[in-house]
Amino acid sequence: MTELCGTILVTGGMGFIGSNFVRHVLTTHPAARVVNLDKLTYAGNPRNLADLEADPRYVFVRADVCDEKAVTEILEVHGAEAIVHFAAESHVDRSILQADDFIRTNVQGTRALLEAARRTGVRRFLHISTDEVYGSLGRSGVFTEDSPLLPNSPYAASKAGADVMARAYHVTYGLPVIITRTCNNYGPYQFPEKFIPLMIVNALREEPLPIYGDGLYVREWLHVEDHCRALARILSAGQPGEVYNIGSGEERANLDVARQILALTGRSETLLRHVKDRPGHDRRYALDWTKIRHDLDWTPTIPFRDGLGQTVEWYRAHPAWWLEILSGEYRAYYQRQYGEGTK
Ligand code: NAD
Ligand code: DAU
């Protein structure tokens, strides 16, 4: 492992992957400091990092990535040398209901952050993107880093917009940008609007599990800890101007994942409910991640079967974490998204 050092500005560090990454850096890279910049939207949860609040190598600043002036000041005050940019509106279904915030944060916010990075002379800018920018696959094939960008949802389109802006800042200004594109992450602290935590939480509460369409849509699953190790590796040894796919090879149909969760929670398959499909639903994603394996010697270490079991146990052991979320804004969202469809 190459040691990270200096001050890293993490955006969106109160969200799912961001908070896991902050914890990963602070616990495994003793020479690194983290400044966590987060707006605290519905998806940002300070309780994700409550155990690290007193760490002298950690600072939290509430700010909006779209506020270029504020971001520039934060970079200057804290002397950040690197940025890892997670902050985004991240849920496809919400982007289908209302896309404005996705354009604002994901496209305009990324531009503001790139500009602030350029002005302050940041030495590494890791832009966290997604396999969804490549579009959808049929039964076979994989996306390489050279596959065309063919996003299908407003969320994916906004992430593709951010990617090409990040690339343009590298080409035009020489900003040392690296773009990473990963597949579906799972693990602790994931907001329960996403498929795996939604299935787990509903199973634990003996509520119906909403399966879009025929449930045969395929996703590639990567444990968030493996993703964080990959990002630390890329931050220390990746090449500016490059794109790295971060995959796992663990492809699963949604219905199979839901059935596995029902077995792990000891619930009956009668809880499965096929509901109205997501419009424009991408059939299958799969990444070719040969480049990061060969060039940076990274491979995932957590098999899906083990990681899913650990994740179910984490949600079983932390009901207060998700019950608080279920009692807030999420209730209105759930009603709007699923209505009576899961009864
Ligand atoms: P998340 O929704 O859990 O967290 C997003 C975080 O960003 C929250 O803490 C939120 O408060 C913050 N944020 C939102 N708008 C902001 C703004 N304008 N200014 C500052 N902070 C803001 O997201 P996640 O699932 O952890 O995803 C993190 C990143 O990884 C995103 O860029 C997403 O596109 C990408 N990604 C996620 C996955 C996945 O499976 N979750 C897979 C591929 C890529
Ligand atoms: O592939 C990477 C992407 O993975 C990230 O860029 C996104 O930020 C992240 O949200 C995720 O997008 P998906 O749309 O793949 O994830 P989601 O958890 O919403 O859905 C996973 C699959 O499960 C998808 O085929 C839709 C299906 N699904 C989802 C929900 C919420 C259901 O069948 N029922 C549901 O209620």
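This passage describes the nonpolar cores of a predicted model and the surroundings of its two ligands.

The model is predicted, so local features need pLDDT of at least 70 and side-chain atom pairs count only at pLDDT 80 or more, while totals for chains, interfaces and linings use all residues. Residues are numbered from 1 along each chain as its sequence is written, chains are lettered from A and ligands numbered from 1 in the order in which they are written, and side-chain values use heavy atoms, with hydrogens and water left out.

A good place to begin is the interior. A nonpolar core is a set of buried Ala, Val, Leu, Ile, Met, Phe, Trp, Tyr and Cys residues joined through side-chain atoms within 4.5 Å; buried means under 20% relative accessible area, exposed over 50%, and partly exposed in between, with a 1.4 Å probe and protein chains only. The largest such core holds 69 residues, and Ile8, Leu9, Phe21 and Ile292 have the most contacts inside it. Seven of its residues come from helix α7 (residues 224-237), which gives the most to this core. Helices (H or I, at least four residues) and strands (E, at least two) are DSSP runs, numbered from the N terminus. A second, separate core has 36 residues, including Ile302, Val312, Trp321 and Tyr334. In soluble globular proteins, nonpolar side chains tend to be buried together.

Two residues give a closer view of packing, where contact means heavy atoms within 4.5 Å. Leaving aside residues up to four places away in sequence, leucine 9 touches Val35, Leu37, Ile74, Leu75, Ala80, Ala82, Ile83, Val84 and Leu113. Isoleucine 74 sits in helix α2 (residues 68-78) and counts as buried because its relative accessibility is 9%. With the same sequence neighbours left out, isoleucine 74 touches Leu9, Val35, Leu37, Val61 and Ala63.

Attention now turns to ligand 1. Here a residue is near a molecule or strand if one of its heavy atoms lies within 4 Å of it. There are 28 residues around ligand 1, of which Ile17, Asp38, Ser90, Tyr155 and Lys159 come nearest. A polar contact is a pair of N or O atoms within 3.5 Å; within protein, one must be able to donate a hydrogen and the other to accept it, and residues adjacent in sequence count only if both atoms are side-chain atoms. An oxygen atom of ligand 1 lies 2.8 Å from a backbone N or O atom of isoleucine 17, and a polar side-chain atom of tyrosine 155 is 2.6 Å from an oxygen atom of this ligand. On its own, ligand 1 has 840 Å² of accessible area (Shrake-Rupley method, 1.4 Å probe; for residues, only the protein chains shown count as cover), and the protein covers 96% of that. Strand β5 provides the largest share of the shell, three residues.

Ligand 2 has 24 residues around it, and Thr130, Asp131, Tyr155, Arg278 and Tyr338 come nearest. An N or O atom in the side chain of aspartate 131 is 2.5 Å from an oxygen atom of ligand 2, while a polar side-chain atom of arginine 219 lies 2.8 Å from an oxygen atom of the ligand. Taken alone, ligand 2 exposes 690 Å², and the protein buries 95% of that. Strand β8 gives the most to this shell, with three residues.
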